Amino acid sequence: MASGSEYFNRCGPKYLSNIDWNNAHHRRSVSASLVEGVYMLEEDRQARRGGSQCVAPPWWEFFSFKVVNALVDDNDKSIFGAIFEYKPSAYSYHRSMDRSPRYVIAFRGTLIKLESFARDLKLDIDIIRNGLHHTGRFRTAIKAVLDLVSVVGSSKVWLTGHSLGAAMAMLAGKNMAKRGNFLEAFLFNPPYVSPPIERIKIKKVRHGLRFAGTLMALHLHLLQHRKKVEDIGAGGLARLTSQHSLGNMAMSAVGIKGIDTSEPLHLLPSTNLTVNLYPCQDMIFAC
């Protein structure tokens, strides 16, 4: 396998040698790179790579971050997240750094690797059942967020994640918002199981959606178009979708027990949405 630097040089946003933290695209790209770093941390662990053989470090070191803590799943001992601290050099200060995070907590998604896939898949099913908040992995995640915010405050802590990791970040962010702590969050392709409203959208969007937002990102783009949807006679379906996930409705309909009826994961208080109109090879290219 290519070295960490070679892999980052080939796939990473190396053009961001001078980050403008006021630029939403720069913030999004850095967040995506940190998530990729978490994926690589777990791949390094499973491949038993250490020292100079590791491919993960360039994904955060290039942006002057360091890992202060890896988040480990108690069930399979896989690394599913990491806390990154921003440590720029003294001479690199510029005005946009007032928008920079002090810490970023990043979560990876499902990894199709032998030592982690079974656990990740079970958590994917927990999302459909609206039960992610009952899992040990989420308890580890929310404890890390709570502990960090209690020490440094919420204004300089970001959350980010991809796929399953986006669901983890979304749920953690919603929990913190209910406590009065509003964290900036960048969510990439968060899982969303609902009736197929996209088939009646006014504008067609091609596959390959990638999402990023402030506080949370996902379902509100449907709510923003609710009036248009109602105008074409589908208002009832739009309202239904805003309240329930397809997983909850389907499993409840066939009598499967144990479905959590708490607030659906995909309901969000505030969001900015970024949509890629063309398919992307992976999250990094999408961002």
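**Figure 1. The five-stranded sheet.** In this predicted model, five strands form an open sheet in the order S1-S2-S3-S4-S5, and their pairing is mixed. The edges are taken by strand S1 (residues 65-72) and strand S5 (residues 184-188). Each of these has a single partner strand, so one side of each is left without a neighbour in the sheet. From one strand to the next, the twist averages 15°.

**Figure 2. Pairing of S1 with S2.** Strand S2 covers residues 79-86 and runs antiparallel to S1. Seven bridges join the two strands. One of the residues in this view is Phe65, whose bridge partner in S2 is Tyr86.

**Figure 3. Helices H5 and H6 against the sheet.** Helix H5, residues 136-152, lies across S1, S2, S3 and S4. Here S3 spans residues 103-107 and S4 spans residues 157-162. The direction of H5 is at about 175° to S3. Helix H6, residues 164-178, also packs on the sheet, where it touches S3, S4 and S5. The direction of H6 makes about 145° with that of S4.

**Figure 4. Salt bridge between Arg49 and Asp44.** Side chains of opposite charge can pair when their charged atoms come close. In the pair shown, the side chains of Arg49 and Asp44 meet with an N to O distance of 2.7 Å. Arg49 and Asp44 are both buried. The count for the model comes to eleven salt bridges.

**Figure 5. Salt bridge between Asp120 and Arg108, and its network.** The closest N and O atoms of Asp120 and Arg108 are 2.7 Å apart. This pair links distant parts of the chain, twelve residues apart. Asp120 belongs to helix H4 (residues 117-128), whereas Arg108 is in the loop between S3 and H4. Asp120 is buried, as is Arg108. Both residues take part in a network of salt bridges that links them with Asp73, Arg119 and Arg137.

**Figure 6. Salt bridge between Asp147 and Lys143 in helix H5.** Asp147 and Lys143 form a salt bridge in which the closest N and O atoms are 2.7 Å apart. The two residues are four apart in helix H5, and therefore about one helical turn separates them. Asp147 has a relative accessibility of 38%, so this residue counts as partly exposed. Lys143 has a relative accessible area of 51% and is exposed, because exposed means over 50%.

How values were computed:
Residues are numbered from 1 along each chain as its sequence is written. This is a predicted model: local features need pLDDT of at least 70, side-chain atom pairs count only at pLDDT 80 or more; totals for chains, interfaces and linings use all residues. Side-chain values use heavy atoms; hydrogens and water are left out. Two strands pair if DSSP finds at least two bridges between them. Axes are lines fitted to C-alpha atoms, for helices over the stretch in contact, and angles run from 0 to 180 degrees between N-to-C directions. Contact means heavy atoms within 4.5 Å. A salt bridge is a side-chain nitrogen of Lys or Arg within 4 Å of a carboxyl oxygen of Asp or Glu. Buried means under 20% relative accessible area, exposed over 50%, partly exposed in between (1.4 Å probe, protein chains only).
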